[in-house]
Amino acid sequence: MNPLIVANWKCNPESLKEAKVLLGKIIKGADGFGGAEIVICPPSIFISSLVEKGPVKFGVQNCFWEDKGAFTGEISVKMIEDIGCEYVIVGHSERRKMGETNEKINLKIKKILESKITPILCIGETLEEREEGMAFEVLEEQVKRCLDKISKEKAKRVVLAYEPIWAIGTGNFADAKKIEEVRIFLEKILVGKYDKKTAESIKIIYGGSVDSSNISAYLVGAEMDGVLVGGSSLKADEFLKSIKSAKAE
Ligand code: PGA
């Protein structure tokens with residue numbers, strides 16, 4: 001299967017001008033993309049100035065579960081779809097830290113799945129939880145609660161992003177063996193919640209200090225279906241190098 005490579009730009013870069021330059025460089029280098037599916041998730045305020053038809057797809061980093069109304073500061077799934085985005089990241093640990101609960105994430109995913117947009121559901125344990133041997137319990141709870149009352153037909157369209165919090169933005173390269181263990185565990189949870197066929201349709205990707213030096217350890221070694229790249233996706237050359245390494249495998 002061709003890997004899914006998602007760039008999460010977070011709250012970067014500082015200006016639309018810089019965002020256009022970064023995207024331009026990525027698109028220019030896109031000749032070598034081969035089969036990889038590339039999704040760029042810039043800050044929402046820049047999106048409509050960046051979206052264009054071409055070798056990359058676009059996503060946003062958050063959304064709201066109502067279509068419209070008196071919800072200051074929120075962006076609806078309809079708006080996201082209307083400007084041509086195909087993906088939404090939901091439940092990133094940086095948002096969970098700001099108060100996003102599994103229940104709110106569940107509402108968002110249900111709303112997204114009413115549209116054609118693909119939700120990228122982020123889950124992950126803290127270092128403390130891992131050290132206390134709680135990682136699997138935490139992940140199971142996140143999966144079950146975030147996907148609560150979502151039918152198998154709809155669940156098939158979800159992308160599950162395993163992002164251990166201790167590996168995000170830290171340069172701590174997680175051992176691919178540990179990541180593989182989690183992938184196998186998540187597949188088991190999904191088979192239990194749904195069935196084998198549904199579980200096989202749900203892509204499981206990895207995020208946490210991914211760059212060109214370790215991408216193949218996760219895609220090939222841990223057999224992940226893709227990666228979610230933060231910091232290193234802000235450097236066009238490095239990001240293109242990661243894509244090329246992924247393609248070479
Ligand atoms: P990172 O971020 O690649 O900078 O660790 C990944 C993410 O938070 O999605």
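Let's start at strand S1: Leu4, Val6 and Asn8 point to one side of the strand, Ile5 and Ala7 point to the other, and all are buried. Keep in mind that you are looking at a predicted model. Where does that leave the strand as a whole, which covers residues 4–8? Five of the five residues of S1 are buried, so this strand is largely enclosed by the rest of the structure.

**Who sits beside S1**

S1 has a partner in strand S2 (residues 37–41), and the two pair in the parallel sense over five bridges. Take Leu4 as a handy marker: its bridge partner in S2 is Glu37. S1 also pairs with strand S8 (residues 226–229), again parallel, through four bridges. Here Leu4 shows up once more, with Gly226 as its bridge partner in S8. In general, strands of a sheet pair through backbone hydrogen bonds, either parallel or antiparallel.

**The whole barrel**

Now zoom out. In what order do the strands close into a barrel? Eight strands do it in the order S1-S2-S3-S4-S5-S6-S7-S8, and the pairing is parallel. Neighbouring strands of this sheet are turned by 25° against each other on average, direction ignored.

Strand S6 (residues 159–162) gives another look at the barrel. Val159 and Ala161 point one way from S6, Leu160 and Tyr162 point the other way, and all are buried. On one hand, S6 is joined to strand S5 (residues 118–123) by four bridges, and the two run parallel. On the other, four bridges join S6 to strand S7 (residues 203–207), also running parallel. Leu160 is a good residue to click on here: it is the bridge partner of Leu121, and it stands opposite Ile204 in S7.

Here are the strand pairs we have met, side by side:

| Strand pair | Bridges | Sense |
|---|---|---|
| S1 and S2 | five | parallel |
| S1 and S8 | four | parallel |
| S5 and S6 | four | parallel |
| S6 and S7 | four | parallel |

**A pair of helices**

Next, some helices. Two packed helices are described by the angle between their axes and the distance between the axes. For helix H5 (residues 102–112) and helix H7 (residues 135–146), the axes come within 8 Å and cross at roughly 45°. H5 and H7 are therefore oblique to each other.

Which residues make this contact? From H5 come Asn102, Glu103, Ile105, Asn106 and Ile109, and they meet Glu141, Gln142, Arg145 and Cys146 in H7. By class, the contact is an even mix: three nonpolar, three polar and three charged residues.

**The chain as a whole**

Finally, the big picture. How many helices and strands does the protein chain have? There are twelve helices and eight strands. The radius of gyration of the chain is 17 Å, close to the 18 Å that the globule rule gives for 249 residues, so the chain is as compact as a globular protein of that length. Its C-alpha atoms fill a box of roughly 45 × 45 × 35 Å, taken along the principal axes.

Of those 249 residues, 52% count as buried. And if you look at contacts between residues at least 6 apart in sequence, 73% of them join residues at least 24 apart.

How values were computed:
Residues are numbered from 1 along each chain as its sequence is written. This is a predicted model: local features need pLDDT of at least 70, side-chain atom pairs count only at pLDDT 80 or more; totals for chains, interfaces and linings use all residues. Side-chain values use heavy atoms; hydrogens and water are left out. Axes are lines fitted to C-alpha atoms, for helices over the stretch in contact, and angles run from 0 to 180 degrees between N-to-C directions. Angles under 35 degrees count as roughly parallel, over 145 as roughly antiparallel, 65 to 115 as roughly perpendicular and the rest as oblique. Contact means heavy atoms within 4.5 Å. Ala, Val, Leu, Ile, Met, Phe, Trp, Tyr, Cys and Pro count as nonpolar, Asp, Glu, Lys and Arg as charged, and the others, Gly among them, as polar. Buried means under 20% relative accessible area, exposed over 50%, partly exposed in between (1.4 Å probe, protein chains only). Two strands pair if DSSP finds at least two bridges between them. The radius of gyration is taken over C-alpha atoms; the globule rule is 2.2 Å times the number of residues to the power 0.38.
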